[in-house]
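Reader: I should like to understand how the terms used for a protein model are justified. May we go through one model together, term by term?

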Amino acid sequence: MTRIVVIDNHGQFTHLEHRALRDLGVDVELLDNDTPAAEIDADGIVLSGGPDMDRIGNCAEYLQLDVPVLGICLGMQILAAELDGAVGSGDYGGYADVNVEILDDEDPLVGSLSPETRVWASHADEVKELPEGFVHTGTSDVCGIESMSDTDRDLYGVQWHPEVAHTEEGREVFENFLAICEQ
């Protein structure tokens, strides 16, 4: 059975990420972000959302574990910041319903959502510049970089929250990530 760990970055929806994966029949465990990387045994990692880039614990070390990683909201920003992209304040701030245009219908994480999907997202902070090796896979009127992928390293990020009911095709995002982890 595929094993995925959800790294808790102190976000308000982290438990919903855990539940969404459990509901897919995944062996899933919720771990605090101060868990040593050497103690993680998983086929994939979800970096949860959270309130503060200053409280990301050992997340940078988890990117070196050579397993697929899905960054959600702050998790996506961690990918960008740690891999020499850029993160900055968003123009729109808090949570809102957003229509995301999918830019790459071949992308293994979000391509199946093409041509667009309705999501629930926070834009207090957002990725402003892609890290090297990443492809821009989703955009909106609210945020230029709504999703990104580096398929060579199996690193993926979404600014939105696929785990909440307001995101129309959130389950599909988790299904797609599971398929990536099972390859």
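**From terms to values**

Author: Let us begin with a pair of residues in two strands. The model is predicted, and in it Gly 71 of β4 has Gly 157 as its bridge partner in β9.

Reader: What makes β4 and β9 (residues 155-158) a pair of strands?

Author: Two strands pair if there are at least two bridges between them. Strands β4 and β9 are joined by 4 bridges and run parallel, so they meet this condition.

Reader: How do you know that strand β3 (residues 44-47) pairs with β4?

Author: The same cut-off of at least two bridges applies. Between β3 and β4 there are 3 bridges, in the parallel sense, so the condition is met here as well. Within this pairing, Val 46 stands opposite Leu 70 of β4.

Reader: What is found on the two faces of strand β4 (residues 69-72)?

Author: Both faces are covered. Val 69 and Gly 71 lie on one side, Leu 70 and Ile 72 on the other, and all of them are buried. In a regular strand, side chains alternate between the two faces of the sheet.

Reader: Which residues carry the label "active site"?

Author: The UniProt record, an unreviewed entry, lists Cys 73, His 161 and Glu 163 under that label. They are spread over 91 residues of sequence, yet they cluster in space, with a largest C-alpha distance of 11.3 Å. Among them, Cys 73 and His 161 belong to the lining of the largest pocket.

Reader: Why is Cys 73 called buried?

Author: The word applies under 20% relative accessible area. Cys 73 has 8% relative accessibility, and therefore counts as buried. Cys 73 is placed in the loop between β4 and α3 (74-82). Not counting residues up to four places away in sequence, Cys 73 touches Gly 49, Ser 122, Val 158, Gln 159, Trp 160 and His 161.

Reader: Why does His 161 count as buried?

Author: His 161 has 3% relative accessibility, so the word buried applies to His 161. His 161 is in the loop between β9 and α4 (170-181). Beyond four places in sequence, the residues that His 161 touches include Phe 13, Glu 17, Tyr 95 and Trp 120.

Reader: What makes the link between the side chains of His 161 and Glu 163 a polar contact?

Author: A polar contact requires a pair of N or O atoms within 3.5 Å. The side chains of His 161 and Glu 163 are joined at 2.7 Å, and so the distance satisfies the cut-off.

Reader: What forms the lining of the largest pocket?

Author: The largest pocket holds about 270 Å³ of space. Of its 20 lining residues, the closest to the centre are Gly 50, Pro 51, Cys 73, Leu 74 and Ser 122. The elements giving two or more residues to the lining are α1 (14-23), α3, β5 (86-102) and β6 (116-129). The largest share, 3 residues, comes from β6.

Reader: How do you know that Asn 58 is in contact with Asp 34?

Author: Contact means heavy atoms within 4.5 Å. A polar atom of the Asn 58 side chain lies 3.0 Å from the backbone oxygen of Asp 34, so the definition of contact is satisfied. Leaving aside neighbours within four places in sequence, Asn 58 is also in contact with Asn 33, Thr 35 and Pro 36. Asn 58 is placed in the loop between β3 and α2 (59-62).

Conventions. Residues are numbered from 1 along each chain as its sequence is written. This is a predicted model: local features need pLDDT of at least 70, side-chain atom pairs count only at pLDDT 80 or more; totals for chains, interfaces and linings use all residues. Side-chain values use heavy atoms; hydrogens and water are left out. Buried means under 20% relative accessible area, exposed over 50%, partly exposed in between (1.4 Å probe, protein chains only). UniProt positions are given in the numbering used here, feature names are shortened, and annotations may be inferred rather than shown by experiment. On a 1 Å grid over the protein atoms alone, a cavity is a set of points where a 1.4 Å probe fits but cannot get out, and a pocket is an open set with protein on both sides within 12 Å along at least five of seven lines; lining residues have an atom within 4 Å of a point. A polar contact is a pair of N or O atoms within 3.5 Å; within protein, one must be able to donate a hydrogen and the other to accept it, and residues adjacent in sequence count only if both atoms are side-chain atoms. Grid points are joined across faces, edges and corners, and a volume is the space filled by probe spheres set on the points.
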